[in-house]
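Q: I should like to learn how the features of a structural model are read, one at a time. Could we begin with the overall composition and then proceed to particular residues?

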Amino acid sequence: MIDWINIHVPTWLFITFIVHLTVLGSVAYMILLERKVASWVQDRIGPNRVGLGFGIIPFLKDMKMFGLGQPLVDGLKFILKEDYRPKNVDRILFTLAPVVMIVTIIVSIAVVPWGGIKQTTQTIGVSVERSRLLSDAEATTLATAKSGLLGSDIIETTVDRSGLADKASEANVIVTSRYRFQIANLNIGVLFVLATLSLAVYGVVIGGWASNNKYSFLGGLRATANMISYEIPLSLAVLSVVVIFGTLDLGIIVEKQSHLLFGFLPAWNIFTQPLAFFIFLVCIHAEANRAPFDLAEAEQELVGGYHTEYSSMRFALFFLAEYAGMITTSAVCVALFFGGWHLPLPGINGTIDPSNHAITDSLVVCVMRALIFFGKTLGIIFVFMWVRWSLPRFRFDQLMQLAWRGLIPVSLAMVMVTAVTVYLAGGASFESMDDKTAVMLLGANVLLVVGTLIGSRLIPKAPFTNRRIIVPGSRFSKPAVAAAK
């Protein structure tokens, strides 16, 4: 019989449940935020009719609540809508495509460091026989098995044998453990995110091909070219940060930004590597197929793109995957360039280890850090929505030129400049960014931007493929003012 009372649930399982519940719940309300931002940009009100009472709950019936019930109504509409599948589609792949997209996005959120490191000291009673003494290794093994801790989390164990009597008794094992406030602690976290997000393109391509529709297939091809092109400068922008700190662990990258420069300025990479941040921001727009990079969904050209033939919950999964991808990429952007959970406020930095501000023994502090991290993530997501309703869509040739003739050369130069700057600053990597290195990196970014502007004047421009054709006798052959005369 299973002893349910004494079963210890691992901490990461709680964090997994909370993070995924928060992310997937936020996706629904990001759709509402998207529509609100669109209304603000277009000077209108936006959805504000459906409250949480849905017009039927008595005490909430007449409360509009700023339209907070709208995402729930939209979700209900998707569930009740006809699940239509065209004739002659590949049935297995047609269903598998949206599943691939949403699964890859959900998995990629696992390595985001939400709240630093939580340290816990607890006393665990271990029963032993009188004739047997506990070694440190045995104490660690028994305490780990009884407490449910991971062996990698335990940093120190002390055995208190004062409670041992002549007969069988219990020894107290004092266990000091640390765990990161994230789902999975991977030392290759950045690489894991890039690798998993790159798999999302398979969902787009499979969906476009399995639909047996030429417009959907063209949308899948466009998405493939888009993602392949912009993954290169995206990876190079991340590499610029990795070169500085010498690690792929997102948690360590955040920790090395958790101090101040010049006594007042947060040591976030946005202040030392602004060009890398700009390239990263542009590329995550392209990776998420968001405007102005949404050529795979151009309704004027492709009727709707790779998900033209989808309806009901299959289409909803594509929709949710796009917004969940925005959360993941925005969270990674915050970890790389905005110091993650760090904010120059009293009580946020841990005091246990002066050399590492991430370590704290307070769960409240970890939760506050997670809220700060999520707030910064919402700020990046707002930029996504602001850009969508402000900039027109690129032509496909402009999309490719921006990547191959613009971002890729600049990002390559940025990696080389960063490597040279780190070498001149005196190290292969830094425990934390110092004032001198910060000034050198910022100066290198400024020089690179100036050099890029000058070089763009010297490099021959690409042929203009969309020039007008003069038609003899047409009223459009002359400027409008001259034609009016």
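A: The count of secondary-structure elements comes first: the chain of this predicted model has 16 helices and 6 strands.

Q: What share of the residues in the chain is buried?

A: Buried residues make up 46% of the 485 residues in the chain. Contact separation adds to this picture: among contacts in the chain with a separation of 6 or more, 76% are between residues 24 or more positions apart.

Q: How should I read a nonpolar core, and which residues have the most contacts inside the largest one?

A: In soluble globular proteins, nonpolar side chains tend to be buried together. In this chain, the largest nonpolar core has 99 residues, and W114, F280, L336, F337 and F338 are those with the most contacts inside it. Helix α12, residues 312-337, gives the most to this core, contributing 13 residues.

Q: Which residues is F280 in contact with, leaving aside its neighbours within four places in sequence?

A: With those neighbours set aside, F280 is in contact with L234, A237, V238, T329, V332, C333, L336 and F337.

Q: How is the packing of two helices described, and at what angle do α10 and α12 pack?

A: The description rests on an angle and a distance between axes. Helix α10, residues 274-287, packs with α12 at an angle of about 175°, and their axes are 11 Å apart. Because an angle over 145 degrees counts as roughly antiparallel, α10 is roughly antiparallel to α12. On the α10 side the contact is made by A276, F277, F280 and I284, and on the α12 side by T329, V332, C333, L336 and F337. By class, this contact of α10 with α12 has 8 nonpolar residues, 1 polar residue and no charged residues.

Q: Is Q257 buried or exposed, and where is its place?

A: Q257 is in the loop between α8 (250-255) and β4 (260-261). Its relative accessibility is 0%, so Q257 counts as buried. A polar atom of the side chain of Q257 lies 3.1 Å from the backbone nitrogen of N269. Leaving aside neighbours within four places in sequence, Q257 is in contact with F245, A267, W268, N269, A335, L336, F337, F338, G339 and H342. Of these, L336, F337 and F338 were also named among the residues with the most contacts inside the largest nonpolar core.

Q: What does the sign of phi tell a reader, and what is the phi of D43?

A: Most residues other than glycine have a negative phi. D43 is not a glycine, yet has a positive phi of about 60°. D43 lies in the loop between α1 (11-41) and α2 (70-80) and is exposed, with a relative accessible area of 72%. N212, likewise not a glycine, has a positive phi of about 55°. The loop between α6 (200-210) and α7 (214-245) holds N212, which counts as exposed at 52% relative accessibility.

Q: How can residues far along the chain be related in space, and what separates the C-alpha atoms of I31 and P71?

A: One compares sequence separation with spatial distance. I31 and P71 are 40 residues apart along the chain, while their C-alpha atoms are separated by 6.9 Å. I31 lies in helix α1 and, at 14% relative accessibility, counts as buried. Apart from its neighbours within four places in sequence, I31 is in contact with F319 and Y323.

Note on methods
Residues numbered from 1 in each chain as written. Predicted model: local features only at pLDDT ≥ 70, side-chain atom pairs only at ≥ 80, totals over all residues. Heavy atoms only, no water. Core = buried A, V, L, I, M, F, W, Y, C linked by side-chain atoms within 4.5 Å. Buried < 20%, exposed > 50% of the residue type's maximum accessible area, 1.4 Å probe, protein only. Helix = DSSP H or I, 4+ residues; strand = E, 2+ residues; numbered from the N terminus. Contact = heavy atoms within 4.5 Å. Axes fitted to C-alpha atoms, helices over the stretch in contact; angles between N-to-C directions. Parallel < 35°, antiparallel > 145°, perpendicular 65-115°, else oblique. Nonpolar A, V, L, I, M, F, W, Y, C, P; charged D, E, K, R; others polar. Polar contact = N/O pair within 3.5 Å; in protein donor to acceptor, adjacent residues only side chain to side chain.
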